[in-house]
Amino acid sequence: MKELLTSRPGLLITVIGVGGCGCNTINMLHENNLSSMVNLIAVNTDLAVLNHSTVESKILIGQNLTNGYGAGADPAIGLKAAEESEEVLKAAIEDSDIVIITAGFGGGTGTGASPFIAKLARDLDINCLAVVTLPFGSESKMRMDYATAGIELIKEPAQAYITLSNDLLLKGLGENIGLFSAFKQSNDVLNNLLTALVQMLTQTGHMNVDINDFARILSFEGESVLGVGKAETEEDAFAALEQALNNPLVSAENIDSAQGIIIHICCKKDDIKLSTYDGLVNNVRKKLKHDSALIVAGVSLDPELTTELTILIIASGISTKALPNQKSPTALNELGESYVGDDLSFISDHEHLEFLTNSPSFTDIPAIVRKLQRLNQSI
Ligand SMILES: Nc1nc2c(ncn2[C@@H]2O[C@H](COP(=O)(O)OP(=O)(O)OP(=O)(O)O)[C@@H](O)[C@H]2O)c(=O)[nH]1
């Protein structure tokens, strides 16, 4: 079990979005007014993406290495960029009590830099949680392999990690959904999850879930999943619980095997019935097969809530089948691909990079190539 850290009054939470997907998420949280509760930071190797970001704190990493043109879908570059900017990254997080890293894994910056940032947080004794998306299977096997390798690297320094599978989202939404609509849906889920998480950690509740409860639940070995449900009225609370437990983006098939679970209910008014509260907690308890599973329940009040109730579920210690298409790092090495050991290093694979630059898939085209293509078109 990982060590618990002591919480302080006036908790400072930093949510750091790394790479394109991470910066999109940070922008959404900013639009959701989360800046008043937490420190939001956008980190990227791609200057154009940072220039579009609406948040105040932006960090361009690896400026000497990439000239602000992105990591070229290569996690080795993402890692080197983060190493180059170690001091500024450290300064950005050092006063935080909790660092939440969010990124889309499978590209260069998010996959390469996030494990390094998690390691910086660990070295500074800061609780660190990573919430990362896995690429669509159709985006290329290499992206999934990079993502899997990135997860192996971030597992150790982070207190906990939560993976949101874009493929699972697709299953829930149907095959015919457009790519951008699917990303938007995925971003909405990310946004809801992170908002509810921050609300839980920052608001003093009638029954508080504090950072130690949080760290304790997330310290169980195994996969962690997180889901949010919203209810317009108290009568809809049980449907909201099901919504939280059946979130399409988290692989919650085996939630019954969880060893620890947080159920946090955030209410707009302070008149939630005891029977509703009891019923919700009992329904969660009934889903768990381990009698000894630890359940932490919390209730807090937020008059600003847009719905009557929000229910956040965090389950951990889930014994699960591997992540979708997950391969061990050894398998990746046998394939001669991009991952090495546990010392936070990716081997830059320039043949793959060359292949990518000729690839017709837009999401695989590095920022620098997109920029050159745009320049050529405008000549
Ligand atoms: N859910 C969601 N996933 C995204 C979004 N943008 C990208 N992704 C996913 O995240 C993966 C990485 O993409 P980016 O975040 O753009 O990559 P990056 O980390 O900036 O890396 P480079 O562009 O190579 O520097 C992609 O393969 C997609 O699966 C988004 O807005 N929402």
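## Polar contacts of the ligand

A polar side-chain atom of Arg 143 is placed 2.8 Å from an oxygen atom of the ligand. This description refers to a predicted model. When considered alone, the ligand exposes 640 Å², and 88% of that area is buried by the protein.

Backbone atoms also take part in contacts with the ligand. At Ala 73, a polar backbone atom is 2.8 Å from an oxygen atom of the ligand. At Gly 108, a backbone N or O atom and an oxygen atom of the ligand are separated by 2.9 Å.

## The shell around the ligand

The ligand is surrounded by 22 residues, of which Thr 109, Gly 110, Glu 139, Ser 186 and Asn 187 come nearest. Divided by class, this shell consists of 14 polar, 6 nonpolar and 2 charged residues.

Three elements each give two or more residues to the shell: α1 (19-31), α6 (109-123) and α9 (179-202). The largest share is that of α1, which supplies 4 residues.

## Packing of α1 and α9

Two of the elements that contribute to the shell, α1 and α9, pack with their axes 10 Å apart and at an angle of about 60 degrees. Because of that angle, α1 is oblique to α9. The crossing in which α1 passes α9 is right-handed.

## Packing of α5 and α6

Helix α5 comprises residues 86-93, and its axis comes within 10 Å of the axis of α6, with a crossing angle of roughly 55 degrees. The arrangement of α5 relative to α6 is therefore oblique. In passing α6, helix α5 makes a right-handed crossing. Helix α6 is also among the elements that give two or more residues to the shell around the ligand.

Conventions: Residues numbered from 1 in each chain as written. Predicted model: local features only at pLDDT ≥ 70, side-chain atom pairs only at ≥ 80, totals over all residues. Heavy atoms only, no water. Near = heavy atom within 4 Å. Polar contact = N/O pair within 3.5 Å; in protein donor to acceptor, adjacent residues only side chain to side chain. Areas by Shrake-Rupley, 256 points an atom, 1.4 Å probe, with all protein chains shown as cover. Nonpolar A, V, L, I, M, F, W, Y, C, P; charged D, E, K, R; others polar. Axes fitted to C-alpha atoms, helices over the stretch in contact; angles between N-to-C directions. Parallel < 35°, antiparallel > 145°, perpendicular 65-115°, else oblique. Left-handed = near helix turned anticlockwise from the far one by under 90°.
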